[in-house]
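Dear colleague,

I am handing over the structure we spoke about. Please look through it first; my notes on what was found follow below.

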Amino acid sequence: MEQNKKIELYVHIPFCVKKCDYCDFLSAPAGRDTQEQYVQALLHEIQTEGGRRKEPVASVFIGGGTPSILEADLLEKILKALYRCFYIEKEAEVTMEANPGTLTLEKLRICRENGVNRLSLGLQSPDDTELASLGRIHDYQQFLESYQMAREAGFHNVNVDLMFGIPGQTRDGWEKSLRTVAALNPEHISAYSLIIEEGTPFAARNLKLPDEDTEYQMYEDTARILGEYGFEQYEISNYAKVGKACIHNIGYWTGVSYLGLGLGAASLMDGCRFTNTTSLERYTTASRKPDFPDNIRKDLIKLTRQEQMEEFMFLGLRLRSGISKAEFAQRFGIPIEEIYGDVIRRYKELALLQEENGRIFLSRHGIHVSNTVMADFLL
Ligand code: SF4
């Protein structure tokens with residue numbers, strides 16, 4: 001993939017109060033001592049990598065887990081180190097994920113004062129019964145308090161995560177959830193369908209999930225209802241007010257290089273993909289060795305030109321604006337038709353892909369079978 005001059009940073013905080021019943025993310029509960037040791041190792045990684053990297057940083061995303069579980073002093077150390085060690089641009093988007101039940105006004109103020117300018121709140125549902133069924137630690141009232149505190153602390157760019165396809169959820173229930181949250185007027189809403197992941201408590205249960213047809217309708221309802229409140233769908237699962245699309249995620253989908261810091265964090269730098277260890281013990285122990293963080297990196301793979309083309313297609317097609325034919329030609333020195341002519345023609349005939357003004361994108365129906373369509377772009 002073309003090397004952009006700017007890079008993005010992802011910082012992983014692998015701690016949560018407790019595991020939600022559907023979650024297979026790299027996160028677990030941990031006490032203050034473990035958190036401190038982790039932050040110490042993370043600071044070391046930030047410092048070492050910051051010394052190596054001279055590129056301007058266009059966006060930072062602190063995700064998890066639950067970054068907001070950390071006490072204010074630890075959050076402050078991480079943010080100060082990021083700004084001290086990397087060249088984070090003045091206008092950079094700096095997002096932190098936070099969950100209701102872990103936020104205080106003090107934490108929010110410290111984050112805001114230390115450069116966080118976008119907050120992503122994990123609500124999932126404004127319905128307390130649904131929240132309990134997902135195994136979330138908070139209720140809707142706690143979310144509202146967090147949301148109001150975020151505004152009070154000066155956050156003018158707030159995302160709210162929602163989930164549909166929850167056990168027992170109806171179309172009417174989902175519409176009510178969407179309207180309740182949209183009426184709060186956040187700048188951004190992410191709406192994902194629940195995926196039952198292997199090894200989670202949900203996978204072992206006999207859940208009463210909405211059927212496929214209902215889920216299809218729920219997805220269509222999402223764009224229509226959020227559209228009424230001024231949200232534009234810019235990606236398969238993401239909706240934003242004008243000018244508030246997530247810069248970090250758009251960078252990821254359009255091939256901007258990213259450096260992942262922390263446990264299990266993935267990177268794509270200088271055309272190479274690599275991942276940090278997922279073992280917390282290894283990460284903290286290795287941080288005391290001189291070859292840290294190189295000693296915790298695995299799967300160092302240089303992407304071939306073919307893999308770069310595949311990535312360009314299947315990441316770009318996630319965006320409603322799709323991919324630019326001219327950009328493909330510029331990046332790879334060959335017209336897109338010569339590589340993907342057949343597959344594009346076939347899916348256009350099936351009305352799953354559309355083409356307008358030199359851009360190719362999924363049709364509304366195409367979004368529903370996006371996995372199948374994208375798989376056909378693997379060469
Ligand atoms: S808060 Fe998020 S990361 Fe933590 S357990 Fe729940 S879903 Fe997983």
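**Backbone, ligand, pocket and domains**

G65 sits in the loop that runs between β2 (56-64) and α2 (72-85). Please keep in mind that this is a predicted model. The peptide bond leading from G64 into G65 is cis, and its omega is near 20°. G65 is also one of the residues around the ligand.

A second cis peptide bond joins F292 to P293, with omega near 5°. P293 belongs to the loop between α9 (280-286) and β12 (297-302). For background, most peptide bonds are trans, and most residues other than glycine have a negative phi. D270 is not glycine, yet its phi is positive, near 50°. The loop that holds D270 lies between β10 (266-269) and β11 (272-276).

Next, the ligand. Which residues are around the ligand? They are C16, K18, K19, C20, Y22, C23, F25, S27, G65, T66, N99 and R136. By class, this shell has five nonpolar, four polar and three charged residues.

The second largest pocket holds about 170 Å³ of space. Its lining is made up of 11 residues, and those nearest the centre of the pocket are K6, E8, A58, E89 and I247. Which strand gives the largest share of the lining of this pocket? That is strand β3 (residues 87-98), with four residues. Six residues of the lining are charged, four are nonpolar and one is polar.

Last, the domains. The chain is divided into two parts: domain 1 covers 7-252, and domain 2 covers 305-375. Their C-alpha centres are 29 Å apart. The contact between them involves 11 residues on the side of domain 1 and 10 residues on the side of domain 2. Between them the two domains bury about 1000 Å², and 58% of this area is on carbon and sulfur atoms. Which residues of domain 1 lose the most area to domain 2? They are Y216, E235 and I236, which together account for 45% of what the domain 1 side buries.

If you open the model, you could start with the loop of G65, between β2 and α2, since both the cis bond from G64 and a place around the ligand can be seen there.

Regards

Terms used
Residues numbered from 1 in each chain as written. Predicted model: local features only at pLDDT ≥ 70, side-chain atom pairs only at ≥ 80, totals over all residues. Heavy atoms only, no water. Near = heavy atom within 4 Å. Nonpolar A, V, L, I, M, F, W, Y, C, P; charged D, E, K, R; others polar. 1 Å grid on protein atoms, 1.4 Å probe; cavity = no way out; pocket = protein on both sides within 12 Å on 5 of 7 lines; lining within 4 Å. Points joined across faces, edges and corners; volume = space filled by probe spheres on them. Helix = DSSP H or I, 4+ residues; strand = E, 2+ residues; numbered from the N terminus. Domains from an automatic or database assignment. Contact = heavy atoms within 4.5 Å. Buried area = accessible area lost by both parts, 1.4 Å probe.
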